[in-house]
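Me: I would like to go through this structure by question and answer. Please reason each answer through to the value or name asked for.

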Amino acid sequence: MAHVAEWKKEEVKELSEIINQYDVIGIVDLMNIPAKQLQEMRKSLNEKAVIRMSKKNLIDLALEDCNADKNNIVDLSGHMDGQVAIIATEMNPFKLFKILEDSKTSAPAKPGTIAPDDIVVPEGDTGFEPGPFLGELQQVGIPAKIDKGKICVQKETVVVAAGEAVSKQVAATLARMDINPMEVGIDLKAVYEEGSVYTSDVLAIDEEQTLADVQKAFSGAFNLSVNAAIPTTKTISAILSLAHTRAVSVGVEGAILTSKTSEPILGLVNARMLAIASAIADTEGAIDDELADKLSNVAVAAAPVVEEEVVEEEEEEEEEESSEEEAAAGLGALFG
């Protein structure tokens, strides 16, 4: 049996202690992060998370040692790319991912670096006077010319496609143009929490869109609950209010006198009476002097009262249809 160095045994032991101590364990890639910047990131995460760099095989051994107590944590081994380290914390995995993403900064492209996305040189004035730099731009495939005494890029150009390596000449040209296309920071590959492993694509959520989806789902569920008369602590007040409004409307239309309906019923009857009187007022002897006097005071307002009543009923029907549509949309958002 091959001899195992004591420092390796000690390293695996320490890694295992860190993994067992925290509920959330992640695998991060520290490739291409300058030492100074990494030190600053460690300070910013002080008391929030612990970062421990080590060899991949030693991290693998530590994960295996801890798998009995943390089921499935060995699945993190499949996400160790680049310059690997473990990060241990009590933070929610999504919060950890956001903190690490927000801490990333732009940096110059170094020769040999693989571009994660297309590196683009924008169209326009470079700010350089006519000179050798024009030739440098043309040599790396950037169309440029002299315009109004300045070197100008004629059109937006992709100088390095995603997945390709940055050449020394391109890196130098980008640096002179003060274009920093690379993003430097701690790259979180995967996180373990309570038996589950979350990869970066799962952790990278759009907060604004997620919040909007939740609000839409809540609104739809609320409308559905109210219109279906399903009482909850959130909807009972709205259900009772809607039931009261509809009951009063039925009472008024059915001429059922109560303390709540008597006043609107009398108002409606009076309005309809005046509308009829207005329609027959030109017929001799159709209305008496008292009614004619009352009609002369309110004739202009009497007819619109009836029209407003009809419009109000139509608007109420439209609102009910709209509520049903919103409820259906909300239900789809809940289960979509």
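Reply: To begin with a cut-off, a residue is called exposed at over 50% relative accessible area, buried at under 20%, and partly exposed in between. The model discussed here is predicted.

Me: Is Lys148 buried or exposed?

Reply: Lys148 sits in the loop between strand E7 (144-147) and strand E8 (150-153). Exposed requires over 50% relative accessible area. Lys148 has a relative accessibility of 79%, and therefore counts as exposed.

Me: What is the phi of Lys148?

Reply: Lys148 is a residue other than glycine, and its phi is positive. The value is near 55°.

Me: Which other loop residue that is not a glycine has a positive phi?

Reply: The residue lies in the loop between H3 and E3. Its relative accessible area is 30%, so it is partly exposed. Its phi is about 75°, and the residue is Asn72.

Me: How far from Lys70 is the nearest side chain of opposite charge?

Reply: Lys70 is placed in the loop between helix H3 (56-66) and strand E3 (84-89). Beyond its neighbours within four places in sequence, Lys70 contacts Ile19, Asn20, Tyr22, Asp23 and Tyr192. A salt bridge needs a side-chain nitrogen within 4 Å of a carboxyl oxygen. Lys70 is buried and has no salt bridge; the nearest side chain of opposite charge is that of Asp23, at 4.5 Å.

Me: How many salt bridges are there in the whole structure?

Reply: Side chains of opposite charge can pair when their charged atoms come close. One such salt bridge joins the side chains of Glu6 and Lys9. For the whole structure, the search gives nine.

Me: Where do Glu6 and Lys9 lie?

Reply: Their side chains form a salt bridge with an N to O distance of 3.6 Å. Glu6 has 53% relative accessibility, so it counts as exposed, while Lys9, at 46%, counts as partly exposed. The two are three residues apart, about one turn of the helix, and both lie in helix H1 (residues 6-21).

Me: Which residues are joined into one network by salt bridges that share partners?

Reply: Lys104 and Glu101 pair through their side chains at 2.9 Å, N to O. Asp187 and Lys189 pair in the same kind of contact, a salt bridge, at 3.5 Å, N to O. Salt bridges with shared partners make one network of Glu101, Lys104, Asp187 and Lys189.

Me: Is Lys104 buried or exposed?

Reply: Its partner Glu101 is partly exposed, with a relative accessible area of 27%. Asp187 is partly exposed at 26%, and Lys189 is partly exposed at 23%. Lys104 has 17% relative accessibility, and buried means under 20%, so Lys104 counts as buried.

Me: Which residues gather in a patch of negative charge on the surface?

Reply: One of them lies in the loop between strand E9 (157-160) and helix H6 (168-176), namely Glu164. A patch residue needs over 30% relative accessible area, and Glu164 is partly exposed at 43%. The patch consists of Asp117, Asp118, Glu164 and Glu183.

Me: What is the area of the nonpolar surface patch that includes Val202?

Reply: Val202 belongs to helix H7 (residues 200-203). With a relative accessible area of 39%, Val202 is partly exposed. Phe94, Val202 and Ile205 make the patch, with an area of about 230 Å².

Me: How far apart in space are Val153 and Ile142, C-alpha to C-alpha?

Reply: Val153 is in strand E8, and at 3% relative accessibility it counts as buried. Leaving out residues up to four places away in sequence, Val153 touches several residues, including Val121, Pro122, Ile142 and Met177. Val153 and Ile142 are 11 residues apart in sequence, and their C-alpha to C-alpha distance is 7.0 Å.

Me: What share of the residues of the protein chain counts as buried?

Reply: The protein chain has 11 helices and 12 strands. About 20,900 Å² of the chain is exposed, with 52% supplied by carbon and sulfur atoms. Of its 336 residues, the share that counts as buried is 29%.

Me: Among contacts between residues at least 6 apart in sequence, what share joins residues at least 24 apart?

Reply: A contact here means heavy atoms within 4.5 Å. For the protein chain, the share joining residues at least 24 apart is 72%.

Definitions and conventions:
Residues are numbered from 1 along each chain as its sequence is written. This is a predicted model: local features need pLDDT of at least 70, side-chain atom pairs count only at pLDDT 80 or more; totals for chains, interfaces and linings use all residues. Side-chain values use heavy atoms; hydrogens and water are left out. Patches are made of residues with over 30% relative accessible area and no salt bridge: like charges are joined within 9 Å, nonpolar side chains (Val, Leu, Ile, Met, Phe, Trp, Tyr) within 5 Å. Accessible areas come from the Shrake-Rupley method with a 1.4 Å probe; for residues, only the protein chains shown count as cover. Lys and Arg count as positive and Asp and Glu as negative; His and the chain ends are not counted. The place of a charge is taken as NZ of Lys, CZ of Arg, CG of Asp or CD of Glu. Helices (H or I, at least four residues) and strands (E, at least two) are DSSP runs, numbered from the N terminus. Buried means under 20% relative accessible area, exposed over 50%, partly exposed in between (1.4 Å probe, protein chains only).
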